[in-house]
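Visitor: Could you teach me how to read the contacts in a model like this one? I would like the general idea and then the case at hand.

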2 protein chains.
Amino acid sequence: MPRRSVAEAQKTRESILSRAVDVASLDGLEGLTIGRLAGELEMSKAGVIGHFGSKEALQIAALEEAAAVFTRVVWEPAAGEEPGLPRLRAIAEAWVAYLQGDVFPGGCFLTAASCEWDGRSGPVRDRVAATMDLWLDVLAREARGAGFEDPQQVAFELNAVAMGLNQRVQLHGDASAPDRARRAMERVLRPDAR
Amino acid sequence: MPRRSVAEAQKTRESILSRAVDVASLDGLEGLTIGRLAGELEMSKAGVIGHFGSKEALQIAALEEAAAVFTRVVWEPAAGEEPGLPRLRAIAEAWVAYLQGDVFPGGCFLTAASCEWDGRSGPVRDRVAATMDLWLDVLAREARGAGFEDPQQVAFELNAVAMGLNQRVQLHGDASAPDRARRAMERVLRPDAR
DNA sequence: CCTACCGATCGGTAGG
DNA sequence: CCTACCGATCGGTAGG
């Protein structure tokens, strides 16, 4: 018999991950230290890292958790829309709301992780790159369905606007930025580019 | 008499800063540790930090150095152009070339620093924010001179495209990204939005 | 999931 | 600009 039940251990693991994602969104996946996490959760370091095995495994688990949140908040609300332009517009709307809101305390986790890791190598960087590529592929697929001549261009530009919005919100607290992003995304999705 | 001349000390300081900017572009301003810098420059830690006083002062000096490089590489080549649309187009061209090239080994220093610090507080974060705001103001001023109705929108969108390009180059090694960014910037600068 | 510990590295300083 | 050092924290492990 384990000293704590499987269900209890699972709950602990989830609470660690939830805190890990918040910390990493503010201070980066490298700023996510085991000791800090243990202190904030009032656990021992061994108790924290025991659920993952290593800091790198914890970083990857946090990344996967953040990607799942992104999917739930940005993709899911749009998944019910008709493929193509209606779905792209719903994605754009949910994306801006996500970046404007406080899903993560430090802004878009994926943007932060990609900037932090794009100059490094190893499993974490590879996972960050694969996650971003997957999302750009989803966008390009919808743009293709919407009849755009160059769907990857649409994906590139929507992603760029999202990054720009995240910067203005997080760095400047710019209240006009979400509307600017909406206008920019609408222009990217204007059918005359098809 | 100092043991080394003022000119020699100045040269040492410059070599430290040059390396610091490269390291920070790859691993962030927080990944820039005094011990690592000392090791790579074959100096003592005291010798490195003595030129700046503290890690924070070193980080700010590296940021200022990077901003000076950005100005030289992106602004200077365009400064000779006629204000307004011609100058904006020259900036866009130089900006894409900068992001495509290897001015910094880890890509755009300012983008990396803004993502790293946008969730923190203190002097470094404030300096990063002020530097970005200054650049957006420059862009908006030129857009106003070019007759755009909403010059801040133009600045927002150009900056977004630059961030998107930096991500695609650094994270994916995407060779098609510079052309995509050029196309996106051209569309932002298309006179029909004036 | 805890205590107690490991070697390594962190930023920084004293003194020369 | 160096050596020698400080306390703090890093990731991680042994043993329970």
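Guide: Let's begin with a polar contact, a pair of N or O atoms within 3.5 Å (within protein, one must be able to donate a hydrogen and the other to accept it, and residues adjacent in sequence count only if both atoms are side-chain atoms). Here a polar side-chain atom of B:Ser44 sits 2.5 Å from a phosphate oxygen of DNA strand D, and one of B:Thr12 is 2.7 Å from a phosphate oxygen of that strand. This is a predicted model, in which local features need pLDDT of at least 70, side-chain atom pairs count only at pLDDT 80 or more, and totals for chains, interfaces and linings use all residues. Residues are numbered from 1 along each chain as its sequence is written, chains are lettered from A and ligands numbered from 1 in the order in which they are written, and side-chain values use heavy atoms, leaving out hydrogens and water.

Visitor: Which residues come nearest to DNA strand D?

Guide: A residue is near a strand if one of its heavy atoms lies within 4 Å of it. Of 17 such residues, A:Thr33, A:Lys55, B:Thr12, B:Ser44 and B:His51 come nearest.

Visitor: How many salt bridges are there between chain B and chain A?

Guide: A salt bridge puts a side-chain nitrogen of Lys or Arg within 4 Å of a carboxyl oxygen of Asp or Glu. The count between these chains is 10, and one of them joins B:Asp150 to A:Arg183 (2.9 Å, N to O).

Visitor: And how many residues does each chain bring to the contact?

Guide: With contact meaning heavy atoms within 4.5 Å, chain B brings 40 residues and chain A brings 40.
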